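Let's take a walk through a protein model together, starting from the overall layout and ending with individual side chains. Keep the viewer open and follow along as each residue comes up.

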Amino acid sequence: MSDLPIIQKTHDLIQWYVPILNRLPRDHKFALGDRIVTGLYDLLEGLIKARYAKEKLPQLRQLNVQLEILRHQTLLLLNFNLLSAKRYEYVGQHINGIGMELGGWIKQQGAKDQKPEDSLFS
């Protein structure tokens, strides 16, 4: 079974990011690092669940919020000088790529939910 590209991208991000997060200094690892790791795993789990859900849109919107939280948490790592600018740029590109795919999925699901009489052009 092949995964959706967004699931594979999230898997790849976890595989790259978690070892870095596990090396954070103790005072940040257990507060911020563990939250990011948990958020990444929750995102992956949510994407897999959404793939098989009948009503995808509510789940996808919640995953979009989770992704935004991960963006801000990652920015905090940069602000605390716990992540280099190069690594921040790399992880940011991956998060943005996932966000673009998620946004497209949300848009597609929104179009499915829209009735013909709801359309501006009907």
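A contact here means heavy atoms within 4.5 Å. This is a predicted model, in which local features need pLDDT of at least 70 and side-chain atom pairs count only at pLDDT 80 or more, while totals for chains, interfaces and linings use all residues. Residues are numbered from 1 along each chain as its sequence is written, and side-chain values use heavy atoms, with hydrogens and water left out.

Begin with the whole chain. It has four helices and zero strands, where helices (H or I, at least four residues) and strands (E, at least two) are DSSP runs, numbered from the N terminus. Read along the sequence, that gives the pattern α-α-α-α. Taken along the principal axes, the box filled by the C-alpha atoms is roughly 55 × 30 × 20 Å. Among contacts with a separation of 6 or more, 73% join residues 24 or more positions apart.

Next, consider the surface. The accessible surface of the chain is about 7,800 Å², and 56% of this belongs to carbon and sulfur atoms; such areas come from the Shrake-Rupley method with a 1.4 Å probe, and for residues only the protein chains shown count as cover. Of the 122 residues, 36% count as buried. Buried means under 20% relative accessible area, exposed means over 50%, and partly exposed lies in between (1.4 Å probe, protein chains only).

Now zoom in on helix α1, which covers residues 5-21. T10 lies in this helix and is buried, with a relative accessible area of 0%. What does T10 touch, not counting residues up to four places away in sequence? The list is L40, L43, L44, L47 and I98. L21 also lies in α1 and counts as buried at 1% relative accessibility. Leaving aside neighbours within four places in sequence, L21 is in contact with K29, G33, I36, V37, L40 and L77. So L40 appears in the contacts of T10 and again in those of L21, given the cut-off of heavy atoms within 4.5 Å. If you would like a distance to check, the C-alpha atoms of L21 and Y90 are 14 Å apart, with their positions 69 residues apart along the chain.

Helix α3 spans residues 57-79. At 1.5 Å a residue, its 23 residues should span 33 Å, and its end C-alpha atoms are 33 Å apart, which agrees; the expected span is 1.5 Å times one less than the number of residues. The buried residues of α3 are L57, L60, L63, Q66, L67, L70, Q73, T74 and L77. One of them, L60, has 0% relative accessibility. Not counting residues up to four places away in sequence, L60 touches A50, L102, W105, I106 and Q109. The C-alpha atoms of L60 and L77, 17 residues apart along the chain, are separated by 26 Å.

Just after α3 comes N81, which takes a positive phi of about 60 degrees although it is not a glycine. N81 is found in the loop between α3 and α4 (85-113). Is N81 buried or exposed? With a relative accessible area of 70%, N81 is exposed.

Finally, turn to the charges. Side chains of opposite charge can pair when their charged atoms come close. A salt bridge is a side-chain nitrogen of Lys or Arg within 4 Å of a carboxyl oxygen of Asp or Glu, and by this rule there are five salt bridges. One of them joins K29 and D34, whose closest N and O atoms are 3.4 Å apart. K29 is buried, with a relative accessible area of 17%, whereas D34 is partly exposed at 29%.

Another salt bridge pairs K49 with E45, the closest N and O atoms being 3.0 Å apart. These two are four residues apart in helix α2 (residues 26-52), which means that about one helical turn separates them. E45 is partly exposed, with a relative accessible area of 42%. In α3, the side chains of R71 and E68 meet in a salt bridge at 3.0 Å, N to O. Because R71 and E68 are three residues apart in that helix, about one helical turn separates them. R71 is partly exposed at 24% relative accessibility, and E68 is partly exposed at 36%.
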